[in-house]
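Take a look at the two-chain model shown here. The report after it starts with one residue and works outward.

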Amino acid sequence: MSAESENNKDTEKKILSQLRNSQSFEQGFSTLVQTYQERLYWHIRKMVTLHDDADEVLQNTFIKIFKGIKNFRGESKLYTWLYRIATNESLTFLKKRKKYATIELDNEESGIYNTLKADSYFDGDEATIILNKALETLPSKQKQVFIMRYYDQLTYKDISDMLDTSVGGLKASYHHAVKKIESFVKNAL
Amino acid sequence: MNKKDEINNELNEISPFLSDLNKDRKEGFSIPKNYFDNFENRLMSRIREEEALSGSKIADSVDNTIFSWIQNAVKLLFTPKYAVSFSIAVVAVVFGIQFFSISTSNTTQEPSLIAQLSIEETHLFIVNNIHDFSIDDIIEIVETEVIEDLHIDLPSLHYENKNEKQVINKEKDKQSSFDKALESAEAKNLFDELSDEDFDEAYDEGYF
């Protein structure tokens, strides 16, 4: 086991121990937020793209965690559980956004281009915009798997635990996603 | 081979083109200054706000339920069927209190005004002074028989079979009259199920 993995395990253990004691619950939750906020934020940001949206989803995620942490029995890794909640919250948000989108934004491809251009917290180049446009063309499940594997560098086992999907299914989804993005980016450049 | 190498090798096999692109997920994306330093404070403020909101909602809901229950109970007691027994009960309680008060203080007070009222006048007195009656007063003057009558007459109560009714009746004997009535009759639901027509009928009969 690597030193990083060992360290993560110790951190989880410490947080859970604090959360299980009502007197140290607040301290435990504070440590949890500080430890995982950045990783969860970037996972969410990749899913929802805009900072303001990511901020809202991150808050919703931690509120769900705050309400549900007492029922967390430690059957899976804490981070896996947190990641799963963040993913679900992101998907719920995307569904709502799609439902209430304007006509212009209904076309996700052109919508994301204009949105990124207008976002004051985005200063990426054309290649980055094209990559993000390509992401928007994927079905939500493939997009999720691609982000988790390509950007977050997660193992299939971890993704499988988070999404409750078989490793075989995940490999197939990732393969399809990579091929579609490659094709989109090559055509656009 | 470590985890990152394994993931990169896999990508390189599927798409060497994508493998060469920058995989930094933060590429091009920025955040407001001190965002993560302030995030926890903003989050905790929102959690406290939501907790306070849900707490006051629960309190409001309990208050409204109790208020609505009392309102309905009082209205029901003025329906033709229960009005007479209710009024008698009120007069009896008032008399009882008056008598107790006189006998314990050993003074020569006049009987209270309400004790001299007719049933109709008592109705009027109670309606006009409903805010002076606490829920305990109302509970006190509701006779067990009235509650039991409510049981039988109102639609929210149905027993699956006679045995069940017998079991419930046996249980009822072990409890105080009002607890018995409340628990077995599910009085809150029972009052809630009364329609406006029930109250209109009472109104037409001149009880309001």
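## From one residue to two chains

Asn60(A) is found in helix H3 of chain A. Helices here are DSSP runs of H or I with at least four residues, strands are runs of E with at least two, and both are numbered from the N terminus. This is a predicted model, in which local features need pLDDT of at least 70, side-chain atom pairs count only at pLDDT 80 or more, and totals for chains, interfaces and linings use all residues. Residues are numbered from 1 along each chain as its sequence is written, while chains are lettered from A and ligands numbered from 1 in the order in which they are written.

Is Asn60(A) buried or exposed? It counts as partly exposed, because it has 19 C-beta neighbours inside 10 Å. A buried residue has 20 or more other C-beta atoms within 10 Å of its own, an exposed one has 12 or fewer, and partly exposed lies in between; the C-beta atoms are placed from the backbone. Ala86(A) is 26 residues away from Asn60(A) along the chain, yet their C-alpha atoms are separated by 8.5 Å.

**The two chains**

The table sets out some totals. Two residues are in contact if their C-beta atoms, placed from the backbone, lie within 7 Å. The last column takes contacts between residues at least 6 apart in sequence and gives the share that join residues at least 24 apart.

| Chain | Helices and strands | Residues | Buried | Contacts at least 24 apart |
|---|---|---|---|---|
| Chain A | 10 helices, 0 strands | 189 residues | 32% | 61% |
| Chain B | 11 helices, 0 strands | 208 residues | 13% | 71% |

**The core**

The largest nonpolar core has 45 residues. Such a core is a set of buried Ala, Val, Leu, Ile, Met, Phe, Trp, Tyr and Cys residues joined through C-beta atoms within 7 Å. H2(A) gives the most to this core, with 10 residues. Domain 1 (1-100) and domain 2 (125-189) of chain A both supply residues, so the core lies between them. The domain bounds come from an automatic or database domain assignment.

Which residues have the most contacts inside the core? They are Ile44(A), Leu82(A) and Phe146(A). Leaving out residues up to four places away in sequence, Leu82(A) touches Tyr36(A), Leu40(A) and Ile65(A).

**Helix H10 of chain A**

H10(A) covers residues 167-188 and has 22 residues. From first C-alpha to last it reaches 31 Å, close to the 32 Å expected at 1.5 Å a residue. That expected span is 1.5 Å times one less than the number of residues.

The buried residues of H10(A) are Leu170(A), Ser173(A), Tyr174(A), Ala177(A), Val178(A) and Ile181(A). Seen down the helix axis, they fall within an arc of 135°, so they line one face of H10(A). The arc is that of the directions from the helix axis to the C-beta atoms. On the other side of H10(A), Gly168(A) and Asn187(A) are exposed.

What do the buried residues of H10(A) pack against? In chain A, their partners are helices H7 (126-136), H8 (140-151) and H9 (156-163). In chain B, they are helices H1 (3-14) and H2 (16-20).

**Where the chains meet**

Across the interface, 31 residues of chain A are in contact with 24 residues of chain B. On the chain A side, H2 (25-48), H3 (51-68), H7, H8 and H10 each give two or more residues. The largest share, 8 residues, comes from H2(A). By class, this side has 12 nonpolar, 10 polar and 9 charged residues. Ala, Val, Leu, Ile, Met, Phe, Trp, Tyr, Cys and Pro count as nonpolar, Asp, Glu, Lys and Arg as charged, and the others, Gly among them, as polar.
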